[in-house]
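Here are a few exercises to work through with the model open in your viewer. Try each task before reading its solution.

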Amino acid sequence: MSQSQAHVSSTYHSEAGRWDECHGADGVPRPGWSELLAQIDRLGAREVNRRWEQCRRIIRENGVTYNLFRDGAADDRPWQLDPLPMILGQAEWARIEAGVAQRAMAIDGFLADAYGPQRLIRERIIPPGIVFGHPQFLRPLHGVGVPGGSRLHFYACELVRCPDGQWRVAADLCQTPPGAGYALENRIVLSRALPEPFREMRVQRLAGFFIRLRQQLLSLAPRNRDNPRVVLLTPGPYAESYFEHAYLAQYLGISLVQGDDLAVRDERVFLKTLGGLMPVDVVLRRLADDFCDPLELRNDSTLGVLGLAGAVRAGNVAVANSLGSGLADSPALVPYLSAITRALLGQDALLEGLPAWWGGERVDHILANLPDLILRPAWNNRGRPVLPATLPLPELANLAADIRVRPHAYLAFQRVARSTVPCWDEGKVVARRMSLRVFAVRDGDGYSIMPGGLARIDSQGDGGQLWFERGGGSKDAWVLSEGPVPEVSLLRANDAPLELKRGGIDLPSRVADNLFWLGRYAERAEDIARLVRSALSCLAEDAGEADQAQIAAYLAMLARATGVRAVEGVPSAVLVALIGDGASGPLKMVREHLRRTAFGVRDRLSADTWRALTALDAELAAEGGEDANQALARLNRVVIACAALAGMGRENTTRGPGWRFLDLGRRIERASFMVDSLHAAFADETVTPAALEALLRTADSAITYRSRYLTTMQAAPVVDLLLTDHTNPRAVAFQANQIAEHVTNLPREAVGALLTPAERLATHLQSTVRLADPNELCKADAGHALMELLDDLAGTLAALSEAVTTAWLTHIAPSRAFAREDWRMADDALPGQG
């Protein structure tokens, strides 16, 4: 190993005037960092780069994303993780832990006072405007009690280290604290990439924190305390941190729900499932306060649950964090938290906030020192900071004028130089500015702190908050232990009794709907890919006259199945254009639908299934500009990815209602595609051998046909193989049998004497195909019998899909049509925001 490879850390240089997390003022590495840097030096730049690429691959395969919104469109950006962790010693962490726990207690006390006796206002410890002027002060909930007396069950704060080495709070996140799921994923990924230092440096584990979080949620249940039902309420797939919502729900073993999945009856909250209404005891919400109940709190959005506030007032459901806790998110509260801590806890604050001034009281100070301050909206900790020193003079004058008119809307922070931390940059260790998000959960009479957190890095600005969309990233935070680290698991103890269960009638209807359409869109992607691949293969083999007739047949089938008609031109160019990068291409349209439905059930899909979906999405998202050979190779990969996804459904999915809806959607789609393909091929009075060949190749049935009939190409055997042969997994008869079996076994509230509409249609489909005689249908004097049969089958399949939707899936998702801006506003304070 060369000298340059052996001392990778020698490329690191700290910034003057800032506290450096790695090196002291004398340039000597701090405790813990020296060991990490030695490990990095032993690995060398090439090995660290290889492991960093491994981290990126794991993140892509696991679907770890952060949704950005530009011009009203969503952009799923892979989560950015630096391969070097942030190191914190046990003694320093103990001080942070004590300070964060104390601050959480003070904020919980403030919320109890604001929604109760309001002593802090009467004794002039805080100005009345801090409470009564805040848009998130929910007057309908004043005086309403909460389970256990605590309103702040889950808390986070953003810490920055100042040049004097002191940690200070830049923001409190009290409403729906985000980032804990990303911190957990960072830990899982980095512990795999750097197993040697993780093991040898005795890093404290995170699982214990999530055990206490789950215990806290279970303890909040106002009834059914032995087996409470806990759900995580999310705005939906368009939320910026939807991945985290799904990830936390899956990790904690609770149901991920949207507002439409819940209903309030007689002031009780219920989950709408295939088996009926199931009572809900605890709601862990990821919705902002005012979005939680459109009936009482915000009537211009339907993301929440009608009547939730009434159920909370009645004491029939617990919400974590309590409705109204967004009041404590206010940056305007920061200057008063030290006084609040003394008044409520009788203690001096162990962890101070950044020096700050609220315009409602200190407008003169703000105007006099404007260039040296950072401005933020007083009521919204998600707003972008404004640095007056960077503004042109006219904009600065306008800002000062607005502060004079609306002083209460502004909070000013003292500008500070944030600390720097080593980060990896293509073989070099460089300095980046950092903040640390720390998480706390209510635990008895106090708070337990996650041993670590979400370290966020940025190369620009000192606004006290970092912006993911500006190119920032994250780091895992390692808290070192001075002794052995105990192994902790979320799994129950082996001797804990478990009730044996099967079935799954508690599947939410929205989830069933998304699984049904996930199956349909996955099959549609495979069918289109097989059809276009067969056409391109035909051209690659021979561009003769007979094959041109096959191309015409392929294009006719594609038009019938997708409604997309090819333009005139060179056949290969036309086919490549159909799967190119245009938004109107059939594969591109299917990809968008597939992504939406897959994200809607993210918490229901295994890691392997998600990897298969990610691989398929990567192929469907490929840019255009391909030639015919490149397009053919990509379509081969699409078909393989679709087959892998279908295999995961068949071999790795429990045969419950979720699997039935997934496979039912796939079977209906495959049958519809085959009926459309047969219709297109037999549209002319005289079907050509080229059209029959195109049918067989698209259905991957050419080998079977030739093994039965050698090379003789006739209509009746083809119709038999693709329509009535129940042994061919591509035939309509095979799909009809599977559909009938699924529909018969779908859950229902009661079994009546008569068949349901869906069962009638499935029976009609099955019997129609079974009674069909290919020889009679293909006789020269049969007229339009085959076409009439295919029209009947197409109508039956469409009606069956509608009947399934009406019977099981109708009450879900009017909010799907809502603007994405609505979803974004309803989301929590985001990992990319302070």
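**Exercise 1.** Work out whether L793 is buried or exposed in this predicted model.

*Solution.* Start with the relative accessible area of L793, which comes to 1%. Next, recall the cut-off: buried means under 20%. The value for L793 falls under that limit, so L793 is buried.

**Exercise 2.** Find which helix holds L793, and which residues L793 is in contact with once its neighbours within four places in sequence are left aside.

*Solution.* First, place the residue: L793 sits in helix α27, which spans residues 785-809. Then drop the neighbours within four places in sequence, and L793 is left touching V675, L723, L765, T768 and V769. For a distance check, take H764: its C-alpha lies 9.0 Å from that of L793, with the two positions 29 residues apart in sequence numbering.

**Exercise 3.** Put L793 aside and describe the whole protein: how many helices and strands are there, and what share of the residues counts as buried?

*Solution.* Begin with the secondary structure: 28 helices and 20 strands. Move on to burial, where 59% of the 834 residues count as buried. Now the surface: the protein exposes about 33,500 Å², and carbon and sulfur atoms supply 51% of that. Finish with contacts at a separation of 6 or more; 74% of them join residues 24 or more positions apart.

**Exercise 4.** Find where pLDDT stays under 50.

*Solution.* Take the average first: pLDDT is 85 over the protein, and 88% of the residues score at least 70. Then pick out the weak stretches, among them residues 461-471 and residues 828-834. Beyond four places in sequence, the model has 47 contacts for residues 461-471 and 44 for residues 828-834.

Methods: Residues numbered from 1 in each chain as written. Predicted model: local features only at pLDDT ≥ 70, side-chain atom pairs only at ≥ 80, totals over all residues. Heavy atoms only, no water. pLDDT = per-residue confidence, 0-100. Contact = heavy atoms within 4.5 Å. Helix = DSSP H or I, 4+ residues; strand = E, 2+ residues; numbered from the N terminus. Buried < 20%, exposed > 50% of the residue type's maximum accessible area, 1.4 Å probe, protein only. Areas by Shrake-Rupley, 256 points an atom, 1.4 Å probe, with all protein chains shown as cover.
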